[in-house]
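Visitor: Could you take me through one part of this structure up close? I would like to see how its pieces fit together, starting from whatever surrounds the ligand.

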Amino acid sequence: AHLDRIRAVEGDVHAYLAVDAEGALEQAAEVDRRRAAGGVLSPLAGVPIAVKDNIATKGVTTTAASRILEGWVPPYDAHVVERLREAGMPILGKTNLDEFAMGSSTEHSAYGPTRNPWDLDRIPGGSGGGSSAAVAAYEAPLALGTDTGGSIRQPAAVTGTVGMKPTYGGVSRYGALAMGSSLDQIGPAARTVLDTALLHDVIGGHDTRDQTSINQSWPSFADAARAGQVDGALKGVRVGLPRQICEGEGFEPGVLENFSTTVDRLRDLGAEITWIDTETFGYAVAAYYLLMPAEVSSNLARYDSVRYGLRVTPEGTPNVERVMSATRAAGFGDEVKRRILLGTYALSSGYYDAYYGSAQKVRTLVQNDFADAFASVDVLATPTSPTVAWAFGERTEDPTAMYVADLTTIPANLAGVPAISLPSGLSDGLPVGIQFMAPAREDARLYTVSAALE
Ligand code: GLN
């Protein structure tokens, strides 16, 4: 049914970079065989899924929407993909993104943008616009994304779906094509909070191949979501509204109106609402756009024309440096090059302390602000995105206009805390999302609170 749906709407939406119909049907048949043999199956066995194309899938192309990896077929599965296969979840295909997950609109994909199923003239968010659009357009019931600075949550918000960035270390990054390693996190996307939690249960947990993977057992997130579906689940839950985000500039009036209505609903359901001062959150975007490019410049050094993908041989005598330079010039798009340049500059001697060093200090201050906030509230709530989905082309000429779209989502990445976005209504007919953040390792709390509001 999902393959039929993909055939019907993919021409409009372009959520996928690759559809693996044969592979998906074969995996579905395998589930039937396991079931017939009396095997114990996961609750999601047979439920198909779409995977963001910066997550390695053995035997299926993985390009990160970049020319430099065009046609690259990984020889191994990411940890999360191994988990999907063990659970018997057929993989429908690989979804579109901004090149190497850099962007907020999917317009930076080397293979053309994804369109928002709510309005095909508008962006589906980014970088994981393909995953969220696939879920919103019923081209997949579930999807995987990666979130370095909002790339699961912001697309969820502007497509009217749910997206969760787990606690840093809660889901193994083994096999995720690294962008900013200290910020990157794989997470689930779906149309309901419970579906998101069920998928999180499949992909989460310890993995020795990711050195930042947390070695602990986690509660059932599906049970946490079900606990939220019980009447009175929000009674006495303390919800903080970070003043420096919620009263910040750049919010559309329709988004703020929807947020305040949603906060009223939380109050009606028994939550205690307070305003919280998070002085340093206003600096989070600036710090992120120094730290992330610094890590990008290092992580993307591996695309050197030798080890993976594209190789361009220039005219004249080809030496290593000239081949590498020609390959990277042809293989990377403008936004990726911009960030590599920013990153190498921020890390260069003479500027290191002023840029990278200062940004690291801001990161610590943001973490401290979270710790202070969570001393008096259980969760923080903000609009997920300052605006609804914008029209194509509106921000492509102005990188900073694109970057400020991340002002609400980035603090959680800097602090490594979990954050979820779920639909909170419409503004001018377009979806708006609310974001909840919780202390590190309290992912379950987010599922309970979100399910209660849903
Ligand atoms: N908009 C963010 C950026 O461009 C999204 C990054 C991400 O989460 N992958 O950096």
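**Around the ligand and into the core**

Guide: Gladly! In the shell around the ligand, four residues are nonpolar, eight are polar and two are charged. Please keep in mind that this is a predicted model. The shell holds 14 residues in total, and the closest to the ligand are Ala101, Ser104, Thr148, Gly149 and Ser151.

From there, let us turn to Glu335, a residue of helix α12, which spans residues 334–347. Glu335 is in contact with Glu99, Met102, Gly103 and His108, once its neighbours within four places in sequence are left aside. Glu335 also lies 9.6 Å from Phe100, C-alpha to C-alpha, although 235 residues separate the two in sequence. Is Glu335 buried or exposed? Neither label fits: Glu335 counts as partly exposed, because it has 18 C-beta neighbours inside 10 Å, while a buried residue needs 20 or more.

Helix α4 makes a good next stop. This helix runs over residues 129–136, and eight of its eight residues are buried. The buried residues are Gly129, Gly130, Ser131, Ser132, Ala133, Ala134, Val135 and Ala136. Just past the end of α4, Tyr138 adopts a positive phi of about 60°.

Now for the nonpolar interior. In soluble globular proteins, nonpolar side chains tend to be buried together. Here the largest nonpolar core contains 134 residues, and Ile49, Val379 and Phe436 have the most contacts inside it. Helix α10, residues 284–299, supplies the largest share of this core, with ten residues. Val379 is worth a pause: beyond its neighbours within four places in sequence, Val379 is in contact with Val239, Phe436, Met437, Ala438, Arg445, Leu446 and Val449.

Val449 takes us to a helix pair, as this residue is also among those of α16 that meet α7. Helix α7 covers residues 221–228 and helix α16 covers residues 443–453; the two pack at an angle of about 35°, with their axes 7 Å apart. Their crossing is right-handed. On the α7 side, the residues involved are Phe221, Ala224, Ala225, Ala227 and Gly228. Facing them from α16 are Asp443, Ala444, Tyr447, Thr448, Val449, Ser450, Ala451 and Ala452. By class, the residues of this contact comprise nine nonpolar, three polar and one charged.

Methods. Residues are numbered from 1 along each chain as its sequence is written. This is a predicted model: local features need pLDDT of at least 70, side-chain atom pairs count only at pLDDT 80 or more; totals for chains, interfaces and linings use all residues. A nonpolar core is a set of buried Ala, Val, Leu, Ile, Met, Phe, Trp, Tyr and Cys residues joined through C-beta atoms within 7 Å. A residue is buried if 20 or more other C-beta atoms lie within 10 Å of its own, exposed if 12 or fewer, and partly exposed in between; C-beta atoms are placed from the backbone. Helices (H or I, at least four residues) and strands (E, at least two) are DSSP runs, numbered from the N terminus. Two residues are in contact if their C-beta atoms, placed from the backbone, lie within 7 Å. A residue is near a molecule or strand if its C-beta atom, placed from the backbone, lies within 6 Å of it. Ala, Val, Leu, Ile, Met, Phe, Trp, Tyr, Cys and Pro count as nonpolar, Asp, Glu, Lys and Arg as charged, and the others, Gly among them, as polar. Axes are lines fitted to C-alpha atoms, for helices over the stretch in contact, and angles run from 0 to 180 degrees between N-to-C directions. A crossing is left-handed if the near helix is turned anticlockwise from the far one by less than a right angle, and right-handed if clockwise.
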